[in-house]
Amino acid sequence: MPQDQLRRLLCLILPWVQIVTAFLPALGLGTSMAVVSAATRTPVVPAGYAFSIWSLIFALAAAYGIWQFLPANRDSALARRTGWPLAGSFALNTLWQVTSQLTASVGFGLFLIILASLACALWALFTARNTPEPGLAARWIVAPLTGLLAGWLTAASFVNLSSAARATGILPEHGIAATLAAVIILLAAGGAAAALVWLLRRDASWFAGAILWAFVGVVAANLGVNQVNIPAALAAGVMLALVFAVAWQRRRAGPLPV
């Protein structure tokens, strides 16, 4: 079917487009995302090293694209059902990268793009959970890709919200109000993540891993040499413990019936 061929082609190409557009500044186009993020940094933003998770996500996305395009996997129900939402998330991630780097700003428009990408990633994650398929690819490509992508985009949505509010002047740069807003956003992020982990039960490992990595990054960022924010670090630490506890409990609860 033409639509099926288009889906397979998009899932093959878009992961590489994501990778290329992440390095536009190296090609002399736009401003690096690190510089853009630093300009509107808030206590919700993780330490820089935490963003290295994108390297793993990009690698898994490329592997997924190749796997689903192989003739042997043409009729894979898992590839067919996860293909469109993943293609949507890859395309939206590319749009976010291009927009942020070329405009050198983080506004509510980018926040909406992240939300749309998150919706696609969660769609792919829950679809994969409800489409059991034997084989190494399902376990070591599709599961970690959908889990890490959805988990990191969940965290990124709240990071983008705080940065957009800071960039537009809704939130102050320093002071008690800035710290209070950061704590509220971190608590909301932890609550949303814990709820999703609860719904995923034993299938939440990769998703929870990405969330925990983000909160570790937030704690590190707020206990750094150049920025010490004890309330934000404490809030992130408490949410880290909450998500871990829920993930541990739900893993013991057994899988949901499908």
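Buried, in this tour, means under 20% relative accessible area, exposed means over 50%, and partly exposed covers what lies in between, with a 1.4 Å probe and protein chains only. The model is predicted, so local features need pLDDT of at least 70 and side-chain atom pairs count only at pLDDT 80 or more, whereas totals for chains, interfaces and linings use all residues. Residues are numbered from 1 along each chain as its sequence is written, and side-chain values use heavy atoms, with hydrogens and water left out.

**Stop one: S100 and helix α4**

Select S100, which is found in helix α4; helices here are DSSP runs of H or I with at least four residues, numbered from the N terminus. With a relative accessibility of 0%, S100 counts as buried. Its side chain makes a polar contact, reaching the backbone oxygen of Q97 at 3.1 Å; such a contact is a pair of N or O atoms within 3.5 Å, where within protein one must be able to donate a hydrogen and the other to accept it, and residues adjacent in sequence count only if both atoms are side-chain atoms.

Now extend the selection to the whole of α4, residues 77-103. The expected span of a helix is 1.5 Å times one less than its number of residues, and for the 27 residues of α4 this gives 39 Å, which agrees with the 40 Å between its end C-alpha atoms. Along the way, look at G83, where α4 has a kink of about 45° shortly before the proline P85; the bend at a residue is the angle between axes fitted to the seven residues ending there and the seven starting there.

Go next to S76, which lies in the loop between α3 and α4 and is buried, with a relative accessible area of 8%. S76 caps the N-terminal end of α4, with a side-chain oxygen 3.3 Å from the backbone nitrogen of L78. A polar atom of the S76 side chain also lies 3.1 Å from the backbone nitrogen of A79. After α4 comes A104, whose phi is positive, near 55°.

**Stop two: a nonpolar patch**

Select L102, which is found in helix α4 and is exposed, with a relative accessible area of 53%. Adding V20, L27 and L29 to L102 shows a nonpolar patch on the surface, with about 400 Å² of accessible area together. Patches are made of residues with over 30% relative accessible area and no salt bridge, like charges being joined within 9 Å and nonpolar side chains (Val, Leu, Ile, Met, Phe, Trp, Tyr) within 5 Å; the areas come from the Shrake-Rupley method with a 1.4 Å probe, and for residues only the protein chains shown count as cover.

**Stop three: helix α1 and its salt bridge**

Turn to α1, which has 20 residues and reaches 27 Å from its first C-alpha to its last, close to the 28 Å expected at 1.5 Å a residue. At I13, α1 bends by about 25°, and a proline, P15, follows within four residues. The buried residues of α1 include C11, L14 and Q18.

How many salt bridges are there? The count comes to two, a salt bridge being a side-chain nitrogen of Lys or Arg within 4 Å of a carboxyl oxygen of Asp or Glu. One of them joins the side chains of R7 and D4 (2.4 Å, N to O). R7 and D4 are three residues apart in helix α1 (residues 2-21), which means that about one helical turn separates them. R7 counts as buried at 1% relative accessibility, and D4 counts as buried at 19%.

**Stop four: the end of α7**

Select D203 and R129, whose side chains meet in a salt bridge (3.8 Å, N to O). D203 lies in the loop between α7 and α8 (205-222) and R129 in helix α5 (residues 108-129), so the pair ties together parts that are 74 residues apart in sequence. D203 is partly exposed, with a relative accessible area of 35%, whereas R129 counts as buried at 16% relative accessibility.

Helix α7 itself (residues 176-200) has 25 residues and reaches 36 Å from its first C-alpha to its last, close to the 36 Å expected at 1.5 Å a residue. Just after α7, R201 takes a positive phi of about 55°. Most residues other than glycine have a negative phi. R201 is buried, with a relative accessible area of 17%.

**Last stop: R41 and A164**

Finish at R41, in the loop between α2 (33-39) and α3 (53-69), which is partly exposed, with a relative accessible area of 30%. R41 and A164 are 123 residues apart in sequence and 9.8 Å apart in space, C-alpha to C-alpha.

Methods. Helix = DSSP H or I, 4+ residues; strand = E, 2+ residues; numbered from the N terminus.
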